[in-house]
Amino acid sequence: KMNEYQSSWNVGDESEEEETLEKGESDDDDLDEEKMKDTALNEQLLKEWRQRRLDERDEIMFPDEVEVPLDTPARDRFIKYRGLKSFRSSPWHPKESLPAEYAYIYQLKNVNSLQKDVLEFGREKEEAWLNSLSQKKGPTGEGSMDMEENQVSVSTDKVVPDYPECVCPGTFIAVHILNVPSTVLEKIKDQKLPLILSALLEHEQKLTVVNCNVQRISTYDKPVKSRELLTLHCGFWRRQVRPTFSENNLNCDKHKMDRFLQHGRWTVASVYAPVTFGTNVPAMFFDSEGVLVAAGCLLDLNPDRIVLKKAVLTGYPFRNKKRNAVVRFMFHDPDDIKWFKPVELWTKYGLSGRITDSLGTHGLFKANFDRIVKNNDTVCMSLYKRVFPKPVGEFASLRTQH
C-alpha cells in the first residue's frame with residue numbers, strides 16, 4: 001500500500017514537473033521571439049541608416065544624378081519636371097501649380113513694413129499702459145483676454161482697467177486656460193516639458209511659409225534628409241516640421257533644393273509655421289532624440305520662394321565623329337527621346353548640344369554639340385520641378401472646418 005501511495009504521488013510530481021517544463025519552454029520561446037523581433041528591428045534600422053549614408057555619399061560625389069528605371073517610361077517618371085534654358089534667367093511663375101495647403105496659409109504683403117507697424121503699435125501700447133499705471137498708482141481690478149480659441153482669464157491686484165491684458169512685471173498671477181485637449185497635458189507630463197505662456201502680436205496666429213537660414217552642427221554626424229521629421233524651436237514656440245532644404249541664391253529668384261543637410265555652409269529650411277515678427281529670431285532644429293541638428297535665425301516669411309528639385313539624367317557617347325555623337329544609357333524607349341527632345345544637353349567637360357534624332361528601339365539617339373566630343377565625357381540633361389514644405393498635421397483641422 002505504501003508503494004502504491006508513493007507511486008501515486010510520484011506520478012503527480014512527474015505531471016507537475018512536465019507542466020513547469022512546458023511553462024519554462026513557453027517562456028523561453030517568448031523571450032526568443034522578443035529577441036528575434038528586437039534583432040530584426042535593429043537590423044532594419046541599421047540597414048536604413050546605411051542606405052541613408054550611401055545616399056548622402058552618392059549625393060556628394062554625383063550631385064542630383066538620377067537613373068531612369070527600366071520598367072517605367074521616363075516621360076511618366078518625370079512628368080512633373082521641365083527643362084530650363086537658364087536656371088538664373090528662365091521664368092517660373094510663383095503661383096503656378098500650388099499645392100492644396102496653400103489655400104489655408106497667409107501671404108503677407110510688404111512684411112518689413114507690417115512688422116514695423118506691429119512692433120511700433122506694441123511699444124506705443126506698452127508706453128500708454130505704463131503712463132496710465134504711473135498716474136493711477138496701481139489700482140485694483142480684474143481683466144480677461146482672449147487668445148485665439150482658448151479663453152484665458154487673469155486675476156491680479158495690479159491691472160489697469162483701460163489695459164486689462166497688461167500685467168506688471170514680477171506680479172504673481174493665476175491663469176486659467178479653457179478648451180485645452182487632455183492629450184496636451186499628458187504630453188507635458190510625460191516629457192516633463194515646461195509650459196510657456198506668451199502673448200501674440202497681431203497676425204502671429206496665422207500660418208505661412210517660414211524660411212530659416214541655418215547651419216548644421218559640426219558634431220552631428222547622422223545624415224539629415226530633406227523633409228525628414230524634425231522639431232523646430234523658433235522664438236518661444238516649438239513644433240514638429242518637415243523642412244525642405246535649399247540653397248540661398250542672392251542674384252536669382254530660384255533656389256536649388258538640397259537632398260541632404262550639408263556640413264560647412266548655410267542652408268535655408270522652409271517649413272509651415274506661424275507668423276513670427278522680430279529681428280534675428282533664433283531658430284534651432286532637433287531630431288527625434290532631442291539632439292541639436294542645426295541652428296540659425298529666421299530669414300523671411302515668403303510662400304512665393306521658388307525651390308526647385310533638380311534631376312540630372314546621364315548618358316555616355318560612343319561612335320563620335322567631330323561634333324556629332326551617338327548617346328546610350330540615358331533612355332530606354334524611343335518615345336522618351338521624342339518627349340525630351342526640346343531639352344538642352346550638356347556635358348561634364350563644358351559642352352552644350354541638342355538631340356537630333358532617335359536610333360533604333362533601345363533608347364539610342366544622335367546628338368550634336370558645339371565642340372568636338374570625347375569618348376570619356378558624360379552627356380547630361382537637367383530637369384527641374386518645384387517642391388514645397390511637407391505638412392505634419394497643420395491642415396487636418398482646417399480641412400474639416402471648410
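Helices and strands here are DSSP runs, with helices at least four residues long and strands at least two, numbered from the N terminus. With that in hand, here are some close-up views of this predicted model.

**View 1. A nonpolar patch on the surface takes in Leu-197.** Welcome to the outside of the protein. Five names to look for are Val-175, Ile-177, Val-180, Val-184 and Leu-197, which make a nonpolar surface patch of about 360 Å². To find Leu-197, look in the loop that runs between helix H4 (182-191) and strand E4 (207-216).

**View 2. One cavity turns up in a search of the whole structure.** That search counts cavities of 30 Å³ or more. The largest cavity holds about 60 Å³ of space. Which residues line the largest cavity? Its lining consists of Tyr-102, Val-209, Asn-211, Thr-244, Ser-270, Asn-302, Pro-303, Arg-305, Val-307, Val-387, Phe-388 and Pro-389. By residue type, the lining splits into seven nonpolar, four polar and one charged. Arg-305 counts as charged, because Arg belongs to that class together with Asp, Glu and Lys.

**View 3. Arg-75 forms salt bridges with Asp-333 and with Asp-336.** Start with Asp-333, whose closest approach to Arg-75 is 3.4 Å between N and O atoms. This pair brings together distant parts of the chain, 258 residues apart: Asp-333 sits in the loop between strand E13 (324-328) and helix H5 (334-339), while Arg-75 belongs to helix H2 (residues 74-77). Now turn to Asp-336, where the N to O distance from Arg-75 is 2.6 Å. Here too distant parts of the chain are linked, with Arg-75 in helix H2 and Asp-336 in helix H5, 261 residues apart. Are the partners buried or partly exposed? Asp-333 has 22% relative accessibility, so it counts as partly exposed. Arg-75, at 21%, is also partly exposed. Asp-336 has 2% relative accessibility and therefore counts as buried. The cut-off behind these labels is 20%, because buried means under 20% relative accessible area.

**View 4. Asp-258 and Arg-265 pair up in a salt bridge.** How far apart are the closest N and O atoms of Asp-258 and Arg-265? They lie 3.0 Å from each other. Asp-258 is buried, at 5% relative accessibility, whereas Arg-265 is partly exposed, with a relative accessible area of 30%. Salt bridges that share partners also join Asp-64, Lys-256 and Arg-259 into one network. For the wider picture, the structure holds ten salt bridges.

**View 5. Leu-345 is a buried residue of strand E14.** Strand E14 covers residues 345-347. Leu-345 has a relative accessibility of 1%, so it counts as buried. A useful landmark for this view is Thr-314: its C-alpha atom is 9.7 Å from that of Leu-345, and the two residues are 31 apart in sequence.

**View 6. Gly-353 lies in strand E15 and is buried.** Strand E15 spans residues 352-359. Where does Gly-353 stand on the scale from buried to exposed? With a relative accessible area of 8%, Gly-353 is buried. Look also for Asn-368, 15 residues from Gly-353 along the chain, with 5.4 Å between the two C-alpha atoms.

Key
Residues are numbered from 1 along each chain as its sequence is written. This is a predicted model: local features need pLDDT of at least 70, side-chain atom pairs count only at pLDDT 80 or more; totals for chains, interfaces and linings use all residues. Side-chain values use heavy atoms; hydrogens and water are left out. On a 1 Å grid over the protein atoms alone, a cavity is a set of points where a 1.4 Å probe fits but cannot get out, and a pocket is an open set with protein on both sides within 12 Å along at least five of seven lines; lining residues have an atom within 4 Å of a point. Grid points are joined across faces, edges and corners, and a volume is the space filled by probe spheres set on the points. Patches are made of residues with over 30% relative accessible area and no salt bridge: like charges are joined within 9 Å, nonpolar side chains (Val, Leu, Ile, Met, Phe, Trp, Tyr) within 5 Å. Accessible areas come from the Shrake-Rupley method with a 1.4 Å probe; for residues, only the protein chains shown count as cover. A salt bridge is a side-chain nitrogen of Lys or Arg within 4 Å of a carboxyl oxygen of Asp or Glu. Buried means under 20% relative accessible area, exposed over 50%, partly exposed in between (1.4 Å probe, protein chains only).
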